[in-house]
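The following report describes a single protein chain for a reader who has the sequence and the coordinates at hand. It moves from individual residues to the sheet and then to the charged pairs.

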Amino acid sequence: MSLDLTPEIDAAVDEDGNGRHLAYSATAGLSVKVSKAFTLTGELQALRDDDPDQHATQGVAALSLAWMANDDLQFDILGAAGLTADTPDARLYAGISRRF
């Protein structure tokens, strides 16, 4: 089992391209090794963008499953749900990682 916390602070470019503003986020995740080949991860993320033209606060809950097919190949699937009006309602991702 592992617990992760990832904060981020940015001096983001304003939407109009003239100046910068504060944007920040934090992500917390908990991963559990279900078996030798499968890992299940749950994450919560909060993001704030203080752009002068339009402030936005996003919240996301996500669940992912990773399968290590062998020592050099991993498949992932992730589902994410928006928790605020500024966040997309739902997203689904899939990925493949290959070590060379």
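Ser64 is found in strand E4, where strands are DSSP runs of type E with at least two residues, numbered from the N terminus. In this predicted model, Ser64 has a relative accessible area of 19% and therefore counts as buried; the classes are buried under 20%, exposed over 50% and partly exposed in between, computed with a 1.4 Å probe on protein chains only. When neighbours within four places in sequence are left aside, Ser64 is in contact with Thr39, Leu40, Thr41, Ile77 and Leu78, contact being defined as heavy atoms within 4.5 Å.

Some conventions apply throughout. Residues are numbered from 1 along each chain as its sequence is written, and side-chain values use heavy atoms, with hydrogens and water left out. Because the model is predicted, local features need a pLDDT of at least 70 and side-chain atom pairs count only at pLDDT 80 or more, whereas totals for chains, interfaces and linings use all residues.

The predictor's confidence in each residue, given as pLDDT from 0 to 100, averages 96 over the protein chain, and 100% of the residues score at least 70. Among the elements of the chain, E1 has the lowest mean pLDDT, at 96, and strand E5 (residues 73-82) has the highest, at 98.

How are the strands ordered in the sheet? The sheet is open and contains 6 strands in the order E1-E2-E3-E4-E5-E6, with antiparallel pairing; two strands are taken to pair if DSSP finds at least two bridges between them. Strand E1 (2-13) and strand E6 (90-98) are the edge strands, each pairing on one side only. From one strand to the next the twist averages 20 degrees, on the basis of axes that are lines fitted to C-alpha atoms and angles that run from 0 to 180 degrees between N-to-C directions.

Three of the strand pairings can be set side by side, each with one residue pair that stands opposite across the two strands.

| Antiparallel strands | Bridges | One opposite pair |
|---|---|---|
| E2 and E3 | 11 bridges | Ala28 and Leu44 |
| E4 and E5 | 10 bridges | Asn70 and Leu73 |
| E5 and E6 | 9 bridges | Ala81 and Ala90 |

Strand E2 covers residues 20-33 and strand E3 residues 38-49. Between E4 and E5 the chain forms a hairpin through 2 residues.

On the edge strand E6 lies Leu92, which, at 66% relative accessibility, counts as exposed. Leaving aside neighbours within four places in sequence, the contacts of Leu92 are with Ile77, Leu78 and Gly79. The C-alpha atoms of Leu92 and Leu78 are separated by 5.7 Å, although these two residues are 14 residues apart along the chain.

His21, by contrast, has its place in strand E2 and, with a relative accessibility of 9%, counts as buried. Which side chains make polar contacts with the side chain of His21? One partner is the side chain of Asp14, at 2.8 Å, and another is the side chain of Asp49, at 2.5 Å. A polar contact is a pair of N or O atoms within 3.5 Å; within protein, one atom must be able to donate a hydrogen and the other to accept it, and residues adjacent in sequence count only if both atoms are side-chain atoms. Not counting residues up to four places away in sequence, His21 touches Asp10, Ala11, Ala12, Val13, Asp14, Asp49, Asp50, Asp51 and Pro52.

The structure holds 2 salt bridges, a salt bridge being a side-chain nitrogen of Lys or Arg within 4 Å of a carboxyl oxygen of Asp or Glu. One of them is formed by Asp50 and Arg48, whose closest N and O atoms are 2.7 Å apart. Asp50 is partly exposed, with a relative accessible area of 21%, and Arg48, at 25%, is likewise partly exposed.

The side chains of Arg99 and Asp72 also meet in a salt bridge, at 3.0 Å from N to O. This pair links distant parts of the chain, 27 residues apart, with Arg99 in the segment after E6 and Asp72 in the loop between strand E4 (56-70) and E5. Arg99 is exposed, with a relative accessible area of 53%, while Asp72, at 32% relative accessibility, counts as partly exposed.

Note on methods
Helices (H or I, at least four residues) and strands (E, at least two) are DSSP runs, numbered from the N terminus.
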